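Open the model in your viewer and keep a selection prompt ready. This tour goes stop by stop.

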Amino acid sequence: MSHPFTWVPAAWQRHASRDPVPPPAAEFPRGVVVSTLCGQEVTSASGELAWLWGTCPDCDDVTREIVGVPSRAETAAEGRGRS
Ligand SMILES: [Zn+2]
């Protein structure tokens, strides 16, 4: 296990969730209610098209925090602040 969250396409966005994925799958099956890192309860979707949905910006921020990567906003701010 690399990170304590799973990306899940739902509600026309790609969200991340800390809910446990039912084994042995590596991602949520279709139709599961999932709590996302942005504080929503959504029903998971599946299929190639669903994975093309845009990344939820709030989930993106939280996962970057978990992984220890600066958020996109912080990266932009640092770029402006340093010479
Ligand atoms: Zn989200």
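Start with the whole chain: buried residues make up 20% of its 83 residues. Buried means that 20 or more other C-beta atoms lie within 10 Å of the residue's own, exposed means 12 or fewer, and partly exposed is in between, with C-beta atoms placed from the backbone. This is a predicted model: local features need pLDDT of at least 70, side-chain atom pairs count only at pLDDT 80 or more, and totals for chains, interfaces and linings use all residues. Residues are numbered from 1 along each chain as its sequence is written.

Switch to cartoon. The order from the N terminus is β-β-β-β-α-α. Helices (H or I, at least four residues) and strands (E, at least two) are DSSP runs, numbered from the N terminus.

Select residues 13–17, strand β2. Five of its five residues are buried. Q13, H15 and S17 point one way, R14 and A16 the other. In a regular strand, side chains alternate between the two faces of the sheet.

Add residues 6–10, strand β1. β1 pairs with β2 in the antiparallel sense over five bridges; pairing takes at least two DSSP bridges between two strands. A10 stands opposite Q13. The two strands form a hairpin with two residues between them. In the turn, A11 has a positive phi of about 55°.

Now select V8, A10, F28, V42 and A45. They form the largest nonpolar core, a set of buried Ala, Val, Leu, Ile, Met, Phe, Trp, Tyr and Cys residues joined through C-beta atoms within 7 Å.

Finish on F28. What does F28 touch, not counting residues up to four places away in sequence? T6, V8, V21, V34 and S44. Contact means C-beta atoms, placed from the backbone, within 7 Å.

How values were computed: Contact = placed C-beta atoms within 7 Å.
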